[in-house]
Every structure is written in C-alpha cells, then in structure tokens.
Amino acid sequence: MEQYLKYARILVPVDGSQESLRAVRLAGEIARTMHATVYLLYVSPFDKSTDEGDVLWLPESIVRPAAEEAHEIFIAALKLLPNEILYERVHRTGVPADEILRFIDETNIGLVVIGGRKLSRVSGFLLGSVTQTVLEHAHSSVMVAGSAE
C-alpha cells in the first residue's frame with residue numbers, strides 16, 4: 001500500500017514530440033494500475049509578455065501565443081490517457097529542465113515518466129539535455145520511455 005502512495009502523483013513533461021507522447025501512454029498505463037493522478041506539464045520559453053507579434057525570421061512555434069501551443073499539446077496528450085485516469089494540465093514558462101525539477105519538488109511527485117530519444121541501434125539511447133538533467137537531479141523516481149522498436 002505504501003508503494004501506491006509513493007506513486008500517487010505521476011509527472012509527464014510534454015512537448016508534442018513522439019517521445020513525450022510515448023511517455024504519456026506509459027504513464028497512463030502505470031496510473032491506471034496505481035490509481036494515480038497524472039500531471040501533464042508543458043514548459044514554454046515564451047508567454048504573452050515575451051511575444052513580439054510578427055517576426056518573420058522566427059519559427060511559428062516561437063512567435064505564436066504560448067497558450068495556443070500548450071492547448072494543442074495537451075489535447076494530443078489527453079487522447080492517449082485512459083478515460084478513467086485523473087489528470088491535471090500545467091503550463092509554465094521558463095527553462096524546461098528547471099521548471100520540471102521545480103514542479104517535482106513543489107508537487108511531491110513520486111514518479112516522472114519522460115521521453116528519451118533513440119537515434120539508432122548502434123548509438124543506443126541518446127537522451128536529450130532535459131531528460132538527462134531530470135535523471136541526474138530529480139528528487140523522485142524517473143522512468144525514461146523509449147521506443148518499442
């Protein structure tokens with residue numbers, strides 16, 4: 001029973017990538033088994049106060065309002081969670097690794113399920129800098145969701 005309480009809160013950092021969507025699927029299955037709440041956290045580097053309007057040389061993902069991007073990412077992630085799972089969506093602005101680690105501590109997260117990148121069979125897993133930082137500094141258990149290939 002104590003183990004169930006430890007993993008009552010599962011964090012999944014999402015960014016719209018296939019890796020993060022794999023993490024959402026895995027976290028959903030774990031949450032169903034553990035009767036846990038899933039926290040979907042999206043961290044954007046910009047918000048309305050930093051949006052400058054039309055800046056033609058910047059990618060649309062940076063220029064458009066962060067809330068719109070967050071909404072789209074959350075919608076894609078929620079489609080992958082089992083219906084009976086309790087969840088919360090959280091959108092923050094800042095440096096992703098820093099905000100993820102801060103959220104873990106503030107919310108007493110027991111388990112983080114985060115996406116990893118697999119480049120090839122030869123090179124094996126090459127983790128992104130955010131995943132690596134979370135693995136090294138999180139005050140919780142961390143599971144890296146890899147591809148099924």
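Contact here means heavy atoms within 4.5 Å of each other. With that in hand, start at Ser-44, which sits in strand 2; strands are DSSP runs of E with at least two residues, helices are runs of H or I with at least four, and both are numbered from the N terminus. Setting aside residues up to four places away in sequence, Ser-44 touches Ala-66, His-91, Arg-92, Thr-93 and Gly-94. Ser-44 counts as buried because its relative accessibility is 1%; buried means under 20% relative accessible area, exposed means over 50%, and partly exposed is in between (1.4 Å probe, protein chains only).

A word on what you're looking at: this is a predicted model, where local features need pLDDT of at least 70 and side-chain atom pairs count only at pLDDT 80 or more, while totals for chains, interfaces and linings use all residues. Residues are numbered from 1 along each chain as its sequence is written, and side-chain values use heavy atoms, with hydrogens and water left out.

Now step back. The protein has six helices and seven strands, and from the N terminus they run α-β-α-β-α-α-β-α-β-β-β-α-β. Of its 149 residues, 42% are buried. Among contacts with a separation of 6 or more, 73% join residues 24 or more positions apart.

How sure is the predictor? That is what pLDDT gives, as a confidence in each residue from 0 to 100. The protein averages 83, and 75% of the residues score at least 70. Strand 1 has the highest confidence, at a mean of 98, and strand 6 (residues 124-125) the lowest, at 44. Two stretches stay under 50: residues 50-55, with nine contacts beyond four places in sequence, and residues 120-125, with eight such contacts.

On to the inside. A nonpolar core is a set of buried Ala, Val, Leu, Ile, Met, Phe, Trp, Tyr and Cys residues joined through side-chain atoms within 4.5 Å. The largest one has 24 residues, and those touching the most other members are Ile-10, Val-12, Val-14, Val-24, Val-38, Leu-40 and Val-113. Strand 1 (9-13), helix 2 (18-34), strand 2 (37-44), helix 4 and strand 4 (111-115) each give two or more residues to this core, and helix 2 gives the most, with six. Apart from this core lies another, of 14 residues, among them Tyr-39, Leu-41, Phe-103 and Ile-104.

Helix 4 covers residues 66-78. Its 13 residues should span 18 Å at 1.5 Å a residue, and its end C-alpha atoms are indeed 18 Å apart; the expected span is 1.5 Å times one less than the number of residues. The buried residues of helix 4 are Ala-66, Glu-69, Ala-70, Ile-73, Phe-74, Ala-77 and Leu-78. Seen down the axis, they fall within an arc of 160°, so they line one face of the helix (the arc is that of the directions from the helix axis to the C-beta atoms). Glu-69 is buried because its relative accessible area is 14%, and its side chain makes a polar contact of 2.7 Å with that of Tyr-42. A polar contact is a pair of N or O atoms within 3.5 Å; within protein, one must be able to donate a hydrogen and the other to accept it, and residues adjacent in sequence count only if both atoms are side-chain atoms.

Finally, look at helix 5 (residues 96-107). Its buried residues pack against strand 1, strand 2, strand 3 (86-93), strand 4 and helix 6 (129-137). Right after helix 5 comes Asn-108, with a positive phi near 55°.

How values were computed:
pLDDT = per-residue confidence, 0-100.
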